[in-house]
Amino acid sequence: MEIDYVAIGKRIQKARKKKHMTQRVLAESVDISASHLSNIERGKKPVGLLTLLKICNALNITADSVLIDNYEQNAEAVEAASTSFREYRQKDRELATKVMETIMKLIDDYK
């Protein structure tokens, strides 16, 4: 699985702009240069884990919201699936879980 640093950078930039924060202010708050932050936001440089966590803390966002594609849509889909799943009998849930595990293994093997 490849990491899409461009997408991560765009999400960081979007969150920063939503907070009406300049690159300089955010960069100073996480102890990196504004040019380094610019490179991260454009996906030109990979963001390290510690720097990512500092950026997320400074923006008051979660790391998963930066790392996961379409986080809100995924969260809604997971919640809808979870609600539907709970409506099934225990035996049916166990079967569905086994089917899903098999599908996930096939996907992993295919990669």
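**Close-up views of a predicted all-helix model**

**View 1. Helices α1 and α3 are oblique to each other in this predicted model.** The orientation is called oblique because the axes of α1 (residues 5-18) and α3 (residues 34-41) cross at roughly 120°, whereas angles of 65 to 115 degrees would count as roughly perpendicular and those over 145 as roughly antiparallel. The two axes come within 7 Å. On the side of α1, the contact is made by Tyr5, Val6, Gly9, Lys10, Ile12, Gln13 and Arg16, and on the side of α3 by Leu37, Ile40 and Glu41. Sorted by class, this contact of α1 with α3 consists of five nonpolar, two polar and three charged residues.

**View 2. Aspartate 4 is placed in the segment before α1.** With a relative accessibility of 44%, aspartate 4 counts as partly exposed, since that class lies between the limits of 20% for buried and 50% for exposed. Its C-alpha atom is separated by 21 Å from that of glutamine 23, and the two residues are 19 apart along the chain.

**View 3. Histidine 20 lies in the loop between α1 and α2 (23-29).** The backbone of histidine 20 has a positive phi of about 55°, although this residue is not a glycine. Its relative accessibility of 75% places histidine 20 among residues that count as exposed.

**View 4. Aspartate 31 is found in the loop between α2 and α3.** Aspartate 31, which is not a glycine, has a positive phi of about 65°. At a relative accessibility of 67%, aspartate 31 counts as exposed.

**View 5. The whole protein, shown as the setting of the close-ups, has seven helices and zero strands.** Read from the N terminus on, the elements follow the order α-α-α-α-α-α-α. The radius of gyration is 19 Å, well over the 13 Å that the globule rule gives for 111 residues, so the protein is more spread out than a compact globule. Along the principal axes, the C-alpha atoms fill a box of roughly 55 × 30 × 20 Å. Of the 111 residues, 21% count as buried, and the accessible surface comes to about 8,600 Å², of which 56% belongs to carbon and sulfur atoms. Among contacts between residues at least 6 apart in sequence, 54% join residues that are at least 24 apart.

Methods: Residues numbered from 1 in each chain as written. Predicted model: local features only at pLDDT ≥ 70, side-chain atom pairs only at ≥ 80, totals over all residues. Heavy atoms only, no water. Axes fitted to C-alpha atoms, helices over the stretch in contact; angles between N-to-C directions. Helix = DSSP H or I, 4+ residues; strand = E, 2+ residues; numbered from the N terminus. Parallel < 35°, antiparallel > 145°, perpendicular 65-115°, else oblique. Contact = heavy atoms within 4.5 Å. Nonpolar A, V, L, I, M, F, W, Y, C, P; charged D, E, K, R; others polar. Rg over C-alpha atoms; globule rule 2.2 N^0.38 Å. Buried < 20%, exposed > 50% of the residue type's maximum accessible area, 1.4 Å probe, protein only. Areas by Shrake-Rupley, 256 points an atom, 1.4 Å probe, with all protein chains shown as cover.
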